[in-house]
Amino acid sequence: MAARDRARTDPERLAALLAGLPIGVEFHDRIDSTNTRARNLLAEGLVVPRAVIADGQSAGRGRAGTRWHSPYAEGLALSYALPGARREPADLVRSACLALCRALCRCGCTEIGIKWPNDVMLAGRKAGGILIESAGGGWIVGIGANLNNDPRELPGLTYPAASARGQLGRPVDRTAVAADVMAGLHANLADLPAGSGRQQRRWVELSVLLGRRIRLLDAGRSFTGVVTDLGTDGSLELEDGGVRRRHRTGSVDEVFANR
Ligand code: BTN
C-alpha cells in the first residue's frame, strides 16, 4: 500500500446523499470520540435521532475497554444517537453490522463476514466493529471501520486486521461509505420488529463462526466447542461433548482450523 490516502469527508455531499431521509447529521473534523459526543447529546435531551461523524478521533473506544484508532481522514467513525429506551442491544448490533457489510460490499469488497459478537471481517481479518452503549434514556450505535488506512500501522493490535483499501488496492469514497452505512442502518432499524427474522437470517449467513470450533472467553472463564447457533437475542451457542451452552457475552479467543 502507498503510505497515505487521506480524503476528508465532504459534509455537503454527505447531506445530499442522505437527502430525503429523516437523519440529522453532525460532522466533526476531529473529536475525542463520536460515541462520547452522542452520549452528551442524549444527556442534553436529544429528542430525534442524530448521526455524529468525524474524520479523526483522539480517544475512540472499542468493546471491552479497548481503544479504537481512527487515523485522520482514512477510516469511518460514526455514532448514531437514538433517543428512547425501547431497543434491544442485540437488534442494534445486528442492524449496524449488516449496514456496514452492505456498504463494504457496495464499494467492491469481497469475502465479507461477521464475527460474533460485533466484528465485521474482510477475508477473515477484522475491518470494523460496533460499540453499543446506553445513555440518557437512549442508545448509541458506534460504528468504526478501516477504509483507506493501512491496518499494519494500527498501534497495539492483538488481532489480524484488514482495510477496504488494503483488499481492493485502491481507496474507497469515504463520504459515500458513510452515507451508505447511515442509510442502511436507518433502513434496518425502521424495518424492526417486522424485519428482525430477515436480518437474523442474514446475520447467520454472514457468520464466520457457525460450525467452527472456537475458544471463547466469558466472565474470566474459557470455553471450547463448536458454534451451533446464533440466537436472535445476540447469543452464541457452543456445543462440546454433547453439552450445549449459550453465551450472551464474551469474546472469541481462537478459531480452530478443524472441527
Ligand atoms: C470494537 O470493535 O471494539 C468496536 C469499535 C467501535 C469504534 C467506533 S468508531 C465510532 C464510535 N466512536 C467510538 O469511540 N467508538 C465507536
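Student: Which element gives the most to the lining of the largest pocket?

Tutor: β12 does, with five residues. The model is predicted, so local features need pLDDT of at least 70 and side-chain atom pairs pLDDT 80 or more, while totals for chains, interfaces and linings use all residues. Residues are numbered from 1 along each chain as its sequence is written, and side-chain values use heavy atoms, without hydrogens and water.

Student: What makes this region a pocket, and what makes a residue part of its lining?

Tutor: On a 1 Å grid over the protein atoms alone, a pocket is an open set of points with protein on both sides within 12 Å along at least five of seven lines, and a lining residue has an atom within 4 Å of a point. The largest pocket has 47 such residues, with Lys115, Asp119, Lys126, Thr158 and Tyr159 nearest its centre. Two or more lining residues come from each of α2, β3, β5 (119-122), β6, β7 and β12 (251-255); these elements are DSSP runs numbered from the N terminus, helices being H or I of at least four residues and strands E of at least two.

Student: What is the volume of the largest pocket?

Tutor: About 1,100 Å³. Volume here is the space filled by probe spheres set on the grid points, which are joined across faces, edges and corners.

Student: How do you know where the ligand sits?

Tutor: A molecule sits in a cavity or pocket if more than half of its atoms lie within 2 Å of its grid points. The ligand meets that test for the largest pocket.

Student: What makes a residue count as near the ligand, and which come nearest?

Tutor: One of its heavy atoms must lie within 4 Å. The shell has 21 residues, and Ser33, Gln57, Arg61, Arg63 and Lys126 come nearest. β6 (125-135) gives the largest share, four residues.

Student: How is the shell divided by class?

Tutor: Into six nonpolar, eleven polar and four charged residues. Ala, Val, Leu, Ile, Met, Phe, Trp, Tyr, Cys and Pro count as nonpolar, Asp, Glu, Lys and Arg as charged, and the others, Gly among them, as polar.

Student: Why is the Arg63 pair called a polar contact?

Tutor: A polar contact is a pair of N or O atoms within 3.5 Å; within protein, one must be able to donate a hydrogen and the other to accept it, and residues adjacent in sequence count only if both atoms are side-chain atoms. A backbone N or O atom of Arg63 is 2.7 Å from a ligand oxygen, so the pair qualifies. A polar backbone atom of Arg61 is also 2.7 Å from an oxygen atom of the ligand, and one of Asn35 is 3.4 Å from a ligand nitrogen.

Student: How much of the ligand's accessible area is covered?

Tutor: The protein covers 98% of the 410 Å² that the ligand has on its own, by the Shrake-Rupley method with a 1.4 Å probe (for residues, only the protein chains shown count as cover).

Student: What makes a set of points a cavity instead?

Tutor: In a cavity, a 1.4 Å probe fits but cannot get out. The search finds one of 30 Å³ or more, and the largest cavity has a volume of about 40 Å³. Its lining includes Thr9, Ile53 and Arg174.

Student: What is noted about the peptide bond from Trp116 to Pro117?

Tutor: This bond is cis, with omega near 5°. Most peptide bonds are trans. Pro117 lies in the loop between β4 (112-115) and β5.
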